[in-house]
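Biologist: Can you put the model up? I have a few things to ask about how it packs.

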Amino acid sequence: MASDTPLAGLPVPCAGFFWYLGVIAASWWGVRVAWRLLSGARVWVLGSGAQVGPRIGKWAVVTGATDGIGKAYAEELAKRGMCIVLISRSQEKLDDVSKSIREKFKVETKVIAADFGKPAEIYDRIEAGLKGLEIGVLVNNVGVSYEYPEYFLDIPDLDNTLDKLITINITSVCKMTRLVLPGMLERSKGVILNISSASGMYPVPLLTVYSATKAFVDFFSRGLHAEYKSKGVTVQSVLPFFVATKLSKVRKPTWDKPSPEDYVRSALNTVGLQTQTNGYLAHAIMGWVTGSLLPLCIAMKLAMNMNKGLRARFLKRAKKN
């Protein structure tokens, strides 16, 4: 009589081997799922970001601090009692944000106007402006992307755009870290938050250079954390998906595209719990799906199709105008 049992017909030793192999595999995946659930609960339910505050240093330095995620970090850190150094290009915007933070949170502020696209002109001035400050937190947030998704050779003003993307997205992170890290090491405490992007988790066609610069920020952050965590300095790579900011061109917050304020409150709660974070529960789920469940080729194809659509809509609007 034929049997419907999958292992029927195999010699007994072979059947036993595959049965134990199946049990081991099922147990392994069960342990992995349980560990992920426990880790998720620890981060997204119990996380408080308690280590980020004045006890690690009086001052927080935020680049790209007058809009979006950078401004939200400055305000949230001020809310926690930290004095804020705001660094951005527009003196007028810096003065406005500085005044707002002082009046709302009753903390000291300091502004440094700096165009990170012109590195030869700014870092000596920034170093002088930071001299003598007890810096507990550095937020490397300043960044720039494409005006719209585009094929590499068709990017408008390609040479200047390449220089700008590399100088602002990569050089600024390394240079600002060089300025601030020595003081943190002297006191054996400090936090560096490097704002990367979910685009740095895997190659994103039609945003190829931006994606590559953000991948650098992620790798730099994780390597730096491994070097200095034993010396009291935490370095975190923050990889958001879309947040409702000018850079992302998302105007209205939704459940998966949070406001900068909601995103930053959530991201700060992961400090000390995750070296690499998507910063927000919905983004963490999307990061798990695109980074772990989907094969890389499918994730890249989905990104390519999405960016083709965004490119077509932008060019259509530009043609009408």
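Biologist: How are H2 and H7 oriented to each other, parallel or oblique?
Modeller: This is a predicted model. In it, H2 and H7 are oblique to each other, because their axes cross at roughly 60° and that angle falls outside the classes for roughly parallel, under 35 degrees, and roughly perpendicular, 65 to 115.

Biologist: And what distance do the axes of H2 and H7 come within?
Modeller: The axes of H2 and helix H7, residues 260-268, come within 9 Å. H2 passes H7 in a right-handed crossing.

Biologist: Which residues in H2 and H7 meet?
Modeller: From H2 there are Gly-68, Ile-69, Ala-72, Tyr-73, Glu-75, Glu-76 and Leu-77. They meet Pro-260, Glu-261, Tyr-263, Val-264, Arg-265, Ala-267 and Leu-268 in H7. By class, that contact has nine nonpolar, one polar and four charged residues.

Biologist: OK, next pair. At what angle do H5 and H6 cross?
Modeller: The axes of H5 and helix H6, residues 208-228, cross at roughly 15° and come within 9 Å. That makes H5 roughly parallel to H6, since angles under 35 degrees count as such. The crossing is right-handed.

Biologist: What meets what between H5 and H6?
Modeller: The H5 residues include Leu-162, Leu-165, Ile-166, Ile-170 and Val-173. On the H6 side, Val-209, Tyr-210, Phe-216, Val-217 and Phe-220 are among them. By class, the contact of H5 with H6 has 15 nonpolar, three polar and one charged residues.

Biologist: Which residues of H5 meet H4?
Modeller: Thr-171, Ser-172, Lys-175, Met-176, Leu-179 and Val-180 in H5 do, and their partners in H4 are Tyr-123, Ile-126, Glu-127 and Leu-130. That contact has six nonpolar, two polar and two charged residues. H4 covers residues 123-130 and H5 residues 158-187, and they pack at an angle of about 35° with axes 10 Å apart. H4 passes H5 in a right-handed crossing.

Biologist: Switching to charges. How many salt bridges does the structure hold?
Modeller: Seven. One of them pairs Glu-108 with Lys-58, with the closest N and O atoms 2.9 Å apart. Glu-108 sits in the loop between helix H3 and strand S3, and Lys-58 in the loop between helix H1 and strand S1, so the pair links distant parts of the chain, 50 residues apart.

Biologist: Is Glu-108 buried, partly exposed or exposed, and which of these is Lys-58?
Modeller: Glu-108 is partly exposed at 41% relative accessibility. Lys-58 is partly exposed as well, with a relative accessible area of 38%.

Biologist: What does the salt bridge of Lys-93 and Asp-67 tie together?
Modeller: Their side chains meet at 3.2 Å, N to O. Lys-93 lies in helix H3 and Asp-67 in the loop between S1 and helix H2, so the pair ties together parts that are 26 residues apart in sequence. Lys-93 is partly exposed at 34%, and Asp-67 is partly exposed at 30%.

Biologist: Where do Asp-218 and Arg-222 lie?
Modeller: Both lie in helix H6, four residues apart, about one turn of the helix. Their side chains meet in a salt bridge of 2.9 Å, N to O.

Biologist: Is Asp-218 buried or exposed?
Modeller: Asp-218 counts as buried, because its relative accessibility is 2% and the cut-off for buried is under 20%. Arg-222 is partly exposed, with a relative accessible area of 34%.

Terms used. Residues numbered from 1 in each chain as written. Predicted model: local features only at pLDDT ≥ 70, side-chain atom pairs only at ≥ 80, totals over all residues. Heavy atoms only, no water. Axes fitted to C-alpha atoms, helices over the stretch in contact; angles between N-to-C directions. Helix = DSSP H or I, 4+ residues; strand = E, 2+ residues; numbered from the N terminus. Left-handed = near helix turned anticlockwise from the far one by under 90°. Contact = heavy atoms within 4.5 Å. Nonpolar A, V, L, I, M, F, W, Y, C, P; charged D, E, K, R; others polar. Parallel < 35°, antiparallel > 145°, perpendicular 65-115°, else oblique. Salt bridge = Lys/Arg side-chain N within 4 Å of Asp/Glu carboxyl O. Buried < 20%, exposed > 50% of the residue type's maximum accessible area, 1.4 Å probe, protein only.
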